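Q: Got a minute to go through this one with me? I'd like to start with burial and then hop around a bit.

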Amino acid sequence: MEAYEIAVIGGGMLGSAIGWGCATRGARVAVLDGGDTALRAARGNFGLVWSQGKGDGMPAYAAWTRASLAAWPALADRISALLGRDCGLRQEGGLNFCLGEAEFEARRAVVNRLHNQGAASLRLLDRKELLELMPGCRLGDAVVGASYEPRDGHTDPLSLLQGFHAGLHALGAAHLPGAEVVRIEPGRPYVIHRADGSRVAAEKIVIACGLGTPRVAAMLGAHIPLRPVRGQNIVTERLPPMLPLPASAIRQTVHGTVQIGVTQEDDGDPTPFTTTAHLAGMAARAIQVLPDLARARAFRAWGALRPMTPDGFPAYAEIEGHPGAFVAVCHSAVTLAAMHAGPLAEGILAGRLPEAVTELHPSRFHVPAH
Ligand SMILES: Cc1cc2nc3c(=O)[nH]c(=O)nc-3n(C[C@H](O)[C@H](O)[C@H](O)COP(=O)(O)OP(=O)(O)OC[C@H]3O[C@@H](n4cnc5c(N)ncnc54)[C@H](O)[C@@H]3O)c2cc1C
């Protein structure tokens, strides 16, 4: 049985970031991942590196998000170096379009509220200001304005995930996909049993399994409440530049494709399907923003499931009664990647989570963790 300093259970966006972050700090790391049929939000997301609207009512999450945005350019440089190509980060500002006066006024209220919670650079732009920001952009007549956050941006999430895996490989860490974890024997070391009969021993473990987290955390007696929230996406053919800045439901990638998203379906169904009604609604709204999209060929549509906590904020903890066993879950692991690979990994190695996440403890859901 191989022995490691840290075993991360879950090789999605969160587990890969934590695993790589620990490996870059010299730890002997294994990342254990599920099989091909596993639900993987990491491979179906929208790619925003985003603070707008994040942490409304939870300043600690807003601050954690802002810290990640500040650290993202350095992360992108490292990921691009690992990949030998641009990982696609463009962090020149992000928009939330408002169609019609009612949406604009509703957005004004959100912006004012977030201002009071420290989002100092978030502001509302009217149509004229929007066109000055993006000269030549052919916006639809229904666009009245947008909220604008200069620190927001987007990236290629599949490149980010691939970069983490390349980094793990380059540092000699073990990346072990293909078999779910089915049992954890507590103790130092923890002994992790996998569905293929193999076992791994580790002094510390991190449970970061996305929607699989409640089941794996329960192996150590921890209750992590999560539900799936579906998001549907459409991607077009490569198109000439038409949208210089990403928006919360529409972005043009560095390759020219336009990604249109993204629903928030909280219906309890744990299946990542697409529906014609949602795809039609998303496409219709995108065409209202950018009328030129009406002629674009749609290449692919997909659904994926976000791991959502009861209040929508991330949760990080060391599990009560199991020193060295940590759990981490969030629905914005692209945005927070720089924190997960940075201060969170550092805290896990030190055996003490960063102070910045103290309020993000799952005990707020009344779980037995400390
Ligand atoms: C439609 C959509 C749009 C999104 N857009 C954005 C966005 O714009 N910006 C942003 O920041 N975030 C976005 N997200 C969220 C982001 O993708 C997730 O936060 C992130 O993928 C969660 O990472 P994770 O590692 O926790 O889960 P996942 O990425 O789902 O990975 C979980 C992993 O755990 C493994 N696993 C599960 N059970 C076990 C087990 N028993 N043993 C071993 N391995 C196991 C699975 O195989 C899987 O690989 C979006 C998500 C969706 C669905």
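A: Sure, burial needs a cut-off before anything else: a residue is buried if 20 or more other C-beta atoms lie within 10 Å of its own, exposed if 12 or fewer, and partly exposed in between, with C-beta atoms placed from the backbone. Also, this is a predicted model, where local features need pLDDT of at least 70, side-chain atom pairs count only at pLDDT 80 or more, and totals for chains, interfaces and linings use all residues. Residues are numbered from 1 along each chain as its sequence is written.

Q: OK, is helix 1 mostly covered or mostly open?
A: Mostly covered, with 11 of its 12 residues buried. Among them are Met13, Leu14, Trp20 and Cys22. Helices here (H or I, at least four residues) and strands (E, at least two) are DSSP runs, numbered from the N terminus.

Q: What do those buried residues of helix 1 pack against?
A: Their partners include strand 1 (2-9), strand 2 (29-32), helix 5 (157-170) and helix 8 (337-350). Contact is when the C-beta atoms of two residues, placed from the backbone, lie within 7 Å.

Q: And what span should helix 1 have?
A: It should span 16 Å, because the rise is 1.5 Å a residue over 12 residues, and the end C-alpha atoms are 17 Å apart, which agrees. The expected span is 1.5 Å times one less than the number of residues. Just after helix 1, Gly26 takes a positive phi of about 95°.

Q: Switching to the ligand, how many residues surround it?
A: 42 residues do, and the closest are Gly12, Gly34, Gly210, Gly212 and Gly231. A residue counts as near if its C-beta atom, placed from the backbone, lies within 6 Å of the molecule.

Q: Which element gives the largest share of that shell?
A: Strand 15, with four residues. Helix 1 (13-24), strand 12 (227-238) and strand 15 (298-308) each supply at least two residues.

Q: What's the chemistry of the shell by class?
A: 23 nonpolar, 15 polar and four charged. Ala, Val, Leu, Ile, Met, Phe, Trp, Tyr, Cys and Pro count as nonpolar, Asp, Glu, Lys and Arg as charged, and the others, Gly among them, as polar.

Q: Which domains does the assignment give?
A: Domain 1 (2-58 + 158-226 + 311-365), domain 2 (94-150) and domain 3 (227-308). The bounds come from an automatic or database domain assignment. The contact between domain 1 and domain 3 takes 15 residues from domain 1 and 16 residues from domain 3. On the domain 1 side, the residues are seven nonpolar, eight polar and no charged. Both domains also feed the ligand shell, with at least three residues from each.

Q: Now sheets: how do strand 9 and strand 10 pair?
A: They are antiparallel, over four bridges, with strand 9 at residues 181-185 and strand 10 at residues 190-194. Two strands pair if DSSP finds at least two bridges between them. Ile184 has Ile192 in strand 10 as its bridge partner. Ile192 in turn has Val200 as its bridge partner in strand 11.

Q: What about the hairpin of strand 9 and strand 10, which residue has the positive phi?
A: Gly187, near 130°, and there are four residues between the strands. In the hairpin of strand 10 and strand 11, Gly197 takes a positive phi near 90°.

Q: Last one: is Glu2 buried or partly exposed?
A: Partly exposed, because 13 other C-beta atoms lie within 10 Å. Leaving aside neighbours within four places in sequence, Glu2 is in contact with Ala174 and Val200.
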